[in-house]
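Good morning, and thank you for coming. Please have a look at the sequence and the structure before I begin.

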Amino acid sequence: MGPTNFRVIVVGGGPVGLSCAHALSQAGIDFIVLEQRSSFVIDAGSNLILVPMSMRVLGQLGLLEELKKVSSPLGIINRMDHSGGRLGSMKWFLYDNEYFGAYPRVISRHDLTKVLYQSLPTDTMPNLLPNKKVSDISTTTNGVSITCTDGTSYEGSVVIGADGAHSFVRERMRQLAIDNESPLLNEEKPFLTTYRCLWTRFPTTNGLTPGTTWETHGEKLATQLFAGVDTVVMCIYERLDEPTYDRCRYSKADEEALVGRWGHLPLTPGQTLTIRDAYKSSIQSGLVNLEEGVVKHWSWDGRIVLAGDAAHKFTPSTGAGFNNGIIDVVALVNELVKELQAAHAEPLGLAAESGKAQVMAAFKAYEASRKEPVIEGCRAAGNATALATWPNWILKFIDRYIFSMHVVQKFLSNQQASRTARAPAFDFLDSEEELVGTVPWIMPPKRKSVKSE
Ligand SMILES: Cc1cc2nc3c(=O)[nH]c(=O)nc-3n(C[C@H](O)[C@H](O)[C@H](O)COP(=O)(O)OP(=O)(O)OC[C@H]3O[C@@H](n4cnc5c(N)ncnc54)[C@H](O)[C@@H]3O)c2cc1C
């Protein structure tokens with residue numbers, strides 16, 4: 001696509017904001033990214049699992065080979081109960097490989113953001129601005145105006161809010177809806193928290209090899225352990241006494257108290273590694289609330305749109321957060337490209353008031369395509385966390401005896417595969433289909449050729 005006067009301001013340079021930067025750059029759309037932190041590469045936060053639908057589009061962006069170098073494939077998930085009794089194994093990741101030609105991979109947030117950041121074209125680097133905390137957004141006749149806490153301001157055509165679960169952009173959208181007495185009003189606190197999560201990363205030692213996966217299930221608390229190349233991540237899910245819509249910040253003392261309550265539980269069989277052992281050797285840790293929910297309205301007036309955690313939040317049990325966030329980026333940028341190509345001949349492009357209707361159409365089409373899969377993903381993640389934490393005897397029974405059956409897992413994986421196959425790819429990029437399994441993707445990219453495995 002040739003140059004237009006359309007400019008996107010991405011607020012937030014986390015994994016989803018950086019994915020936006022790649023997509024916009026590949027689409028030839030002018031953009032800047034405003035990030036409040038001092039660096040785009042973050043050495044903090046839990047490790048993440050990448051699944052085939054996102055690995056596929058990361059491949060389209062030319063990033064998959066680099067990401068493979070710093071991530072490990074995951075195979076069978078071994079499970080046990082609080083006393084170390086075996087609960088059978090889960091073959092989800094094996095079925096992913098069968099259906100889509102790739103095992104999910106575990107990667108640290110540091111390595112993910114590093115690859116995303118460092119692989120951006122050199123000429124786009126000046127467009128990535130750290131130390132820019134956005135503090136105001138106003139809409140203008142021709143677009144948007146953004147102010148940061150350091151007093152700087154930026155003009156653009158639209159804003160993409162990729163600023164996470166506690167999104168300022170979402171807050172600002174709500175205020176605009178109130179000011180304009182619009183029915184498109186989001187809830188002030190759209191996410192409900194039922195669980196908190198203590199995550200910790202520690203070196204890949206203790207006899208753990210990259211790719212090893214263990215889960216411990218039981219009343220009120222479940223754990224997941226994924227061993228990566230250099231670090232292992234442990235996530236502990238603890239059910240709260242009462243669900244809450246309120247934000248909560250935890251201290252180191254809260255982390256230690258949780259380890260005090262549950263530190264004796266095994267992470268691997270034979271008590272070789274307990275929660276307390278893992279916490280003691282941790283390089284990093286954090287205690288966070290696991291908000292869940294899908295925001296009702298994802299855009300405002302053809303000027304502001306949300307993506308990633310700003311629009312939806314899942315428990316991490318199924319590794320759905322970033323994986324859905326990057327698919328948001330695909331769907332959104334595909335729609336924008338379509339409208340920009342249609343408007344390209346017009347001198348004002350889409351930036352001016354005359355093009356607002358087209359941008360609104362793009363935003364609505366994006367939201368319509370993403371809502372159903374995201375609601376389903378949120379439900380599935382919540383169910384997975386509930387099953388693992390045995391809130392009642394029915395779920396305990398299902399988790400212990402039904403889910404351990406590989407025939408049940410295969411049936412559910414099949415259902416999931418038909419949803420995964422509908423995930424979009426970038427439709428403006430010429431690329432090879434990198435992931436090929438037994439289930440064909442419904443929306444293949446424009447193909448140069450299909451790789452033979
Ligand atoms: C324990 C745990 C395990 C997880 N495991 C997985 C997994 O296995 N797979 C998976 O896909 N997902 C996983 N997730 C979820 C995943 O981390 C998130 O979905 C993902 O980080 C969302 O990316 P994002 O860019 O939308 O938001 P964020 O990662 O929250 O990034 C938002 C960015 O915006 C910046 N920002 C915020 N406000 C402003 C402002 N006013 N101005 C400028 N910048 C601002 C922030 O500094 C940040 O860099 C996990 C989450 C947790 C907590």
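I shall speak about the ligand and its surroundings, then a helix, then the salt bridges, and finally the surface and two loops.

Please keep in mind throughout that this is a predicted model.

Let me start with the ligand. Which residues lie closest to the ligand? In total, 32 residues surround it, and the closest are Glu-35, Ile-49, Arg-109, Asp-309 and Phe-322. Two of these residues approach the ligand through their backbone. A backbone N or O atom of Ile-49 is 2.7 Å from an oxygen atom of the ligand. In the case of Phe-322, a polar backbone atom lies 2.8 Å from a ligand oxygen. Asn-323 uses its side chain instead: a polar atom there is 2.9 Å from an oxygen atom of the ligand. How much of the ligand does the protein cover? On its own, the ligand has 990 Å² of accessible area, and the protein covers 89% of that.

We may also ask which elements build the shell around the ligand. Helix α1 (15-27), strand β3 (48-50), strand β13 (192-203) and helix α9 each supply at least two residues. The largest share, 3 residues, comes from α9.

That brings me to helix α9 itself, which covers residues 321-343. Here we can do a small check. The helix has 23 residues, and at 1.5 Å a residue it should span 33 Å. The C-alpha atoms at its ends are 33 Å apart, so the expected span and the model agree. Is this helix mostly covered or mostly open? It is mostly covered, with 19 of its 23 residues buried.

I turn now to the charged pairs. As a general principle, side chains of opposite charge can pair when their charged atoms come close. Over the whole structure, a search finds 25 salt bridges. I have chosen a few of them.

The first example is Arg-7 with Asp-30, where the closest N and O atoms are 3.5 Å apart. This pair links distant parts of the chain: Arg-7 belongs to strand β1 (residues 7-11) and Asp-30 to strand β2 (residues 30-34), with the two positions 23 residues apart in sequence. Arg-7 has a relative accessible area of 25%, so it is partly exposed. Asp-30, at 37%, is also classed as partly exposed.

The next example joins Lys-189 to Asp-246, with the closest N and O atoms 2.6 Å apart. Lys-189 sits in the loop between α6 (168-179) and β13, while Asp-246 sits in the loop between β16 (231-244) and α7 (252-262), so this salt bridge ties together parts that are 57 residues apart in sequence. Lys-189 is partly exposed, with a relative accessible area of 40%, and Asp-246 is partly exposed at 43%.

A further pair stays within one helix. The side chains of Lys-252 and Glu-255 meet in a salt bridge of 3.2 Å, N to O. Both residues lie in helix α7, 3 residues apart, which is about one turn of the helix. Why does that spacing suit a pair? An α-helix has 3.6 residues a turn, so residues three or four places apart point the same way. Are the two partners buried or exposed? Lys-252 is partly exposed, at a relative accessible area of 48%, whereas Glu-255 is buried, because its value of 6% falls under the 20% limit.

Salt bridges can also be joined together. Here, Arg-196, Glu-238 and Arg-261 are linked in such a network.

Let us move to the surface. A nonpolar patch there is formed by Trp-393, Ile-394, Phe-397, Tyr-401, Ile-402, Met-405 and Val-407, which together have about 750 Å² of accessible area. Helix α11 (residues 393-402) gives the largest share of this patch, 5 residues. Trp-393 lies in that helix. Its relative accessibility is 66%, so Trp-393 counts as exposed.

I close with two loops. Thr-212 is found in the loop between β13 and β14 (213-217). Thr-212 is buried, with a relative accessible area of 18%. A polar atom of its side chain lies 2.6 Å from the backbone oxygen of Thr-209.

Gly-62, in the loop between α2 (52-60) and α3 (64-69), counts as exposed at 57% relative accessibility. Which residue far away in sequence comes to 9.1 Å from Gly-62? It is Ser-431: the two are 369 residues apart in sequence, yet their C-alpha atoms are 9.1 Å apart in space.

Thank you for your attention.

Key: Residues numbered from 1 in each chain as written. Predicted model: local features only at pLDDT ≥ 70, side-chain atom pairs only at ≥ 80, totals over all residues. Heavy atoms only, no water. Helix = DSSP H or I, 4+ residues; strand = E, 2+ residues; numbered from the N terminus. Expected span 1.5 Å × (residues − 1). Buried < 20%, exposed > 50% of the residue type's maximum accessible area, 1.4 Å probe, protein only. Patch = residues over 30% accessible without salt bridge, like charges linked within 9 Å, V, L, I, M, F, W, Y side chains within 5 Å. Areas by Shrake-Rupley, 256 points an atom, 1.4 Å probe, with all protein chains shown as cover. Salt bridge = Lys/Arg side-chain N within 4 Å of Asp/Glu carboxyl O. Near = heavy atom within 4 Å. Polar contact = N/O pair within 3.5 Å; in protein donor to acceptor, adjacent residues only side chain to side chain.
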